Structure formats: C-alpha cells, structure tokens
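Colleague: I have some labels to challenge before I use them. Can we go through them one at a time?

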Amino acid sequence: VNNLHPENVVGAISFVQAVDDNLPGDLEVVSVTTLGIKNIHVARDLEGIDIPVELFQPGIFAKEIEQICKNSCPILSGKIVVSVQRKLVRQTRHKEVFLL
C-alpha cells in the first residue's frame, strides 16, 4: 500500500473475519486479515485508538485504505504497507462434554 524502506520497523494487527468449524474431525478454518504498519509501536501507539473495521475488508484497494485512514484514523495515514488475507487450518478448541 505504502512504500517500505530497509530502516523502517514493521508491526502488525490482525482481525479474525470468520471461523468455519464444518470440517471433518477436530479441524477448523480461521479467516484472518493482517495489516502491516510501519514505524508505529502497535501496542503502545494504538492503545485506545479505534481502528476502522473497514480497513480489514478483503479486496480493498490502496487508495481506499488511505482514504479510510485519513478520514477515520489519521495516525495510520501513510503507515500501512500491506494488507494480507489468509486462511489458517487449526485444531478446533471445542471441548466435548462427557456425561455419565
């Protein structure tokens, strides 16, 4: 989205879009969108800041990301370097209850 240079530090924030547990066995698919943010200490600098959920939409374009940042979250303007959507397959956390 924005340029990144070797001296830039990159942090990340992620948003879980969906969890699909309709797989056979003990597996589930977690759909996640992650934003790479340069030159911000994510935990410290974004504490208490409302991050617009619109930034995590799949298929959003760079111009749209910048416009959302300028309008809703100026601290992120010019700082987002990548938006990545991925699906993770993991063992489900469901616990079955055994009754006697």
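Colleague: How many salt bridges does the count come to?

Modeller: Two salt bridges. Keep in mind that this is a predicted model.

Colleague: What makes Arg90 and Glu28 a salt bridge?

Modeller: The closest N and O atoms of Arg90 and Glu28 are 2.6 Å apart. The cut-off is within 4 Å, so the pair qualifies.

Colleague: Which parts does that pair tie together?

Modeller: Arg90 lies in strand S3, residues 80–91, and Glu28 in strand S2, residues 27–38. The pair therefore ties together parts that are 62 residues apart in sequence.

Colleague: Why is Glu28 called buried?

Modeller: Glu28 has a relative accessible area of 4%. Buried means under 20%, so the label holds.

Colleague: And Arg90, what is the label there?

Modeller: Partly exposed, with a relative accessible area of 35%. Exposed would need over 50%, and buried under 20%, so Arg90 falls in between.

Colleague: What makes Asp45 and Arg44 a salt bridge?

Modeller: Their side chains meet at 3.3 Å, N to O. That is within 4 Å, so the pair counts.

Colleague: Buried, partly exposed or exposed: which label does Arg44 carry, and which does Asp45?

Modeller: Arg44 is exposed, at a relative accessible area of 55%. The cut-off is over 50%, so the label fits. Asp45 has 30% relative accessibility and counts as partly exposed.

Colleague: How do you know that Pro6 is exposed?

Modeller: Its relative accessible area is 84%. That is over 50%, so Pro6 is exposed. Pro6 lies in the segment before strand S1, 10–20. Its C-alpha atom is separated by 22 Å from that of Glu66, 60 residues apart along the chain.

Colleague: What is notable about the phi of Asn39?

Modeller: Phi is near 55°, a positive value in a residue other than glycine. Asn39 is found in the loop between S2 and helix H1, 42–45. At 38% relative accessibility, Asn39 counts as partly exposed.

Colleague: How many disulfides does the count come to?

Modeller: Zero.

Colleague: Why is Cys69 not bonded to Cys73?

Modeller: The sulfur of Cys69 is 6.4 Å from that of Cys73, its closest cysteine sulfur. A disulfide needs the sulfur atoms within 2.5 Å, so the pair is too far for a bond. Cys73 is likewise in no disulfide.

Colleague: Are these two cysteines buried or exposed?

Modeller: Cys69 is buried, with a relative accessible area of 0%. Cys73 has 2% relative accessibility and counts as buried. Both values are under 20%, so the label holds for each.

Notes:
Residues numbered from 1 in each chain as written. Predicted model: local features only at pLDDT ≥ 70, side-chain atom pairs only at ≥ 80, totals over all residues. Heavy atoms only, no water. Helix = DSSP H or I, 4+ residues; strand = E, 2+ residues; numbered from the N terminus. Buried < 20%, exposed > 50% of the residue type's maximum accessible area, 1.4 Å probe, protein only.
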